[in-house]
Amino acid sequence: MLNKLNPWKSQNQPSSLRDRKIQIQSQEVPSHIAIIMDGNGRWAKKRSLPRVAGHHEGMKVVRKITRLANELGVKTLTLYAFSTENWKRPKMEVDFLMKLPEEFLGSFLPELVEENVRVTMMGNTDQLPAHTLKAVKKAMVDTKENTGLVLNFALNYGSRVEILQAVKQVLNDCENGKLDKENLNEEVFSSYLMTSDLEDPDLLIRTSGEIRLSNFMLWQLAYTEFFFTDVLWPDFSEEHFIEAVEVFQSRQRRFGGV
Ligand SMILES: Cc1cc(N2CCCCCC2)n2ncc(-c3ccc(F)cc3)c2n1
């Protein structure tokens with residue numbers, strides 16, 4: 001029976017965001033969602049603002065999407081916050097970016113603790129400024145007993161570096177007898193990666209219309225569904241996130257075969 005208020009909407013088409021959230025939760029929610037949060041500089045340029053204004057606006061979206069992911073029952077949310085290539089950006093921009101973790105945590109950590117979110121990071125900490133690392137380490141300590149959403153920040157992360165570090169460690173362990181190369185398989189190799197205690201992402205979201213992986217989780221994304229959107233990260237809303245999950249779920253239904 002058609003909905004009299006909106007004859008073009010079928011009765012079972014959820015209308016409000018609330019209805020769509022309920023519908024999503026009635027099906028399999030992607031356990032691990034990874035996001036390449038792209039488009040911050042372009043967002044600022046469109047408004048004749050400095051690039052760092054786009055990064056700052058993008059940080060507010062991190063808070064909003066973290067809340068929503070936790071609400072929907074997502075187990076792990078991995079966010080590509082700073083890549084190994086980002087060091088090539090102007091010093092002023094890098095210095096600003098390296099202050100965002102403490103700004104974000106300074107205002108949002110109490111809520112993360114309250115909401116049972118566990119903060120983790122992946123990446124090489126050796127190049128991070130001490131003030132950045134101090135803030136992230138505090139958040140990881142303060143939330144380590146939490147059992148809800150794992151909020152995993154990729155910080156000074158690059159997949160090729162990660163894979164090379166894993167290969168070197170495998171070689172070392174084979175040389176020192178800790179690992180028999182006959183036993184080396186995908187599962188054992190995965191245990192040498194920075195994501196050793198995480199499941200592979202079920203869904204990757206990339207914003208701003210770029211269609212590439214940019215040296216992000218190249219091993220882990222082997223079987224991941226990709227959702228690309230032209231929306232710039234600072235404009236990425238709850239609606240956009242819900243749409244990505246709905247598309248994921250529609251694909252699962254189509255290819256759900258045995
Ligand atoms: C470097 C950087 C950049 C950064 N952006 C804001 C989001 C858009 C993408 C780039 C800029 N955000 N947003 C949150 C964090 C963060 C990192 C670690 C942590 F424990 C808590 C928060 C962050 N870190």
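**Surroundings of the annotated active-site residues**

In this predicted model, the side chain of D38 forms a polar contact with the side chain of R206, at 2.6 Å. R206 also appears among the residues that D38 touches. Leaving out residues up to four places away in sequence, the others are T207, S208, E210, L232 and W233. D38 itself sits in a loop. Strand 1 (32-36) and helix 2 (40-46) flank that loop.

D38 carries an annotation. The unreviewed UniProt entry lists an "active site" feature at D38 and N86. These positions are spread over 49 residues of sequence, yet they cluster in space. Their largest C-alpha distance is 12.4 Å. Both D38 and N86 belong to the lining of the largest pocket.

N86 also occupies a loop, here between strand 2 (76-83) and helix 4 (91-97). Its relative accessibility is 13%. N86 therefore counts as buried, the cut-off being under 20%. A polar atom of the N86 side chain lies 2.7 Å from the backbone nitrogen of S83. Beyond its neighbours within four places in sequence, N86 is in contact with A81 and V94.

The polar partners of the two annotated residues can be set side by side. For D38, the partner is the side chain of R206. For N86, the side chain pairs with the backbone nitrogen of S83.

Definitions and conventions: Residues are numbered from 1 along each chain as its sequence is written. This is a predicted model: local features need pLDDT of at least 70, side-chain atom pairs count only at pLDDT 80 or more; totals for chains, interfaces and linings use all residues. Side-chain values use heavy atoms; hydrogens and water are left out. UniProt positions are given in the numbering used here, feature names are shortened, and annotations may be inferred rather than shown by experiment. On a 1 Å grid over the protein atoms alone, a cavity is a set of points where a 1.4 Å probe fits but cannot get out, and a pocket is an open set with protein on both sides within 12 Å along at least five of seven lines; lining residues have an atom within 4 Å of a point. Helices (H or I, at least four residues) and strands (E, at least two) are DSSP runs, numbered from the N terminus. Contact means heavy atoms within 4.5 Å. A polar contact is a pair of N or O atoms within 3.5 Å; within protein, one must be able to donate a hydrogen and the other to accept it, and residues adjacent in sequence count only if both atoms are side-chain atoms. Buried means under 20% relative accessible area, exposed over 50%, partly exposed in between (1.4 Å probe, protein chains only).
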